[in-house]
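Grab a pencil and get ready to explore a protein step by step. Try each task yourself before you read the solution below it.

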Amino acid sequence: MAKDRVEAVERALTVLEAFDANRPVMSLAELAQATGFYKSTLLRLLGSLSRFDYVRRDADGRWQLGETPVRLARRQDPARLLAARIQPLLERLAARLGETASLLERVGEAVECRLAALPASALRHDLRPGTRWRVAGDGSPCPPLAGGVMVIHPLPGTPPRWLALSGPKGRLAMAESTEALAEVAAELTATSQPAAREALP
């Protein structure tokens, strides 16, 4: 709704959004072209942003992001971001396929379950966050499961992480599980901005 918007704030955010990996430093003219704002408007916005160190002006008169955006990003707990983004996807997988869905992470010579969603079935792989096991001799992150099987899909970034589905060998459908994990991984990657992906891995 229009009454919930503050135009000056939105303009300032537009200026910050103009800086990216391809254009980390810009002149006033380049910022005007990138944002569509008049130079006089930009100077007022940049003045306010620089007072709080959201932007900085170098010796050549060009502008770049200051320390404040990085400082604010450090306040966010990466583990909380991870859970907020991935746990709902795991819950959806577990409900859809009736098997245990999890996020695994390589920790040294071990693999740890970071997140898990359990199906309603009593006969299931009862995997819980914090559970660890040693990496297999062939480098596989899958744990030994008596009468069970685990299907994994790697995620980009470091440390190595995998989405996984696990359950009884006779019940877990390999092809369907592989396809479902690939779909969720693609969805997760597509909705992740570069900064968010740094928090995920």
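The exercises below go from the whole chain to single residues, and the model they use is a predicted one.

**Exercise 1. The overall picture**

Task: Find how many helices and strands the protein has, and what percentage of its residues is buried.

Solution:
- Step 1. Begin with the secondary structure, which comes to 7 helices and 8 strands.
- Step 2. Turn to the residues: the protein has 201, and 37% of them are buried.
- Step 3. Look at the surface next. About 11800 Å² is exposed, and carbon and sulfur atoms supply 54% of that area.
- Step 4. Finish with the contacts that have a separation of 6 or more: residues 24 or more positions apart account for 47% of them.

**Exercise 2. A helix and its buried face**

Task: Work out which residues of helix α2 are buried, and where they sit around the helix axis.

Solution:
- Step 1. Helix α2 covers residues 28-35, and its buried residues are Leu28, Leu31, Ala32 and Thr35.
- Step 2. Now look down the axis of α2. The buried residues fall within an arc of 100 degrees, so they line one face of the helix.
- Step 3. Ask what lies over these residues. Their cover includes the helices α1 (7-18) and α3 (39-51), together with β1 (25-26) and β3 (63-65).
- Step 4. Check what comes after the helix: α2 is followed by Gly36, which has a positive phi near 85 degrees.

**Exercise 3. Thr35 under the magnifying glass**

Task: Decide whether Thr35 is buried or exposed, and find which backbone atoms its side chain reaches.

Solution:
- Step 1. Locate the residue: Thr35 belongs to helix α2.
- Step 2. Compare its accessibility with the cut-off. Buried means under 20% relative accessible area. Thr35 has 14% relative accessibility, so it counts as buried.
- Step 3. Follow the side chain of Thr35 to the backbone oxygen of Leu31, at 2.7 Å. The side chain also reaches the backbone nitrogen of Phe37, at 3.2 Å.
- Step 4. Set aside the neighbours within four places in sequence. Thr35 is then in contact with Thr14, Val15, Ala18 and Leu42.

**Exercise 4. Building a sheet**

Task: Put the strands of the 5-stranded open sheet in order and find its edge strands.

Solution:
- Step 1. Recall that strands of a sheet pair through backbone hydrogen bonds, either parallel or antiparallel.
- Step 2. Write down the order, β6-β5-β4-β8-β7, with antiparallel pairing. The edge strands are β6 and β7, since each pairs on one side only.
- Step 3. Add the twist: neighbouring strands of this sheet are turned by 30 degrees against each other on average, direction ignored.
- Step 4. Place the helix that packs on the sheet. Helix α6 (residues 174-190) touches β7 and β8, and its direction makes about 25 degrees with that of β7.

**Exercise 5. Strand β5 and its partners**

Task: Describe how β5 pairs with β4 and with β6, and how many of the residues in β5 are buried.

Solution:
- Step 1. Strand β5 (residues 110-117) is mostly covered, with 7 of its 8 residues buried.
- Step 2. On to β4 (residues 100-107): 7 bridges join this strand to β5, and the two run antiparallel. Within this pairing, Leu103 has Leu115 of β5 as its bridge partner.
- Step 3. Examine the turn of the hairpin. There are 2 residues between β4 and β5, and Gly108 takes a positive phi near 65 degrees.
- Step 4. Consider β6 (residues 132-134), which pairs with β5 over 3 bridges in the antiparallel sense. Here Val111 stands opposite Trp133 in β6.

**Exercise 6. Details in the loops**

Task: Examine the loops that hold Phe52, Asp53 and Pro159.

Solution:
- Step 1. Phe52 lies in the loop between α3 and β2. Exposed means over 50% relative accessible area. Phe52 has 60% relative accessibility, so it counts as exposed.
- Step 2. Find Thr68, 16 residues from Phe52 along the chain: the C-alpha atoms of the two are separated by 7.2 Å.
- Step 3. Asp53 is also in the loop between α3 and β2 (55-57). Although Asp53 is not a glycine, it has a positive phi of about 60 degrees.
- Step 4. Pro159 is in the loop between β7 (148-155) and β8 (161-168). The peptide bond from Thr158 to Pro159 is cis, with omega near -5 degrees.

How values were computed
Residues are numbered from 1 along each chain as its sequence is written. This is a predicted model: local features need pLDDT of at least 70, side-chain atom pairs count only at pLDDT 80 or more; totals for chains, interfaces and linings use all residues. Side-chain values use heavy atoms; hydrogens and water are left out. Helices (H or I, at least four residues) and strands (E, at least two) are DSSP runs, numbered from the N terminus. Buried means under 20% relative accessible area, exposed over 50%, partly exposed in between (1.4 Å probe, protein chains only). Contact means heavy atoms within 4.5 Å. Accessible areas come from the Shrake-Rupley method with a 1.4 Å probe; for residues, only the protein chains shown count as cover. The arc is that of the directions from the helix axis to the C-beta atoms. A polar contact is a pair of N or O atoms within 3.5 Å; within protein, one must be able to donate a hydrogen and the other to accept it, and residues adjacent in sequence count only if both atoms are side-chain atoms. Two strands pair if DSSP finds at least two bridges between them. Axes are lines fitted to C-alpha atoms, for helices over the stretch in contact, and angles run from 0 to 180 degrees between N-to-C directions.
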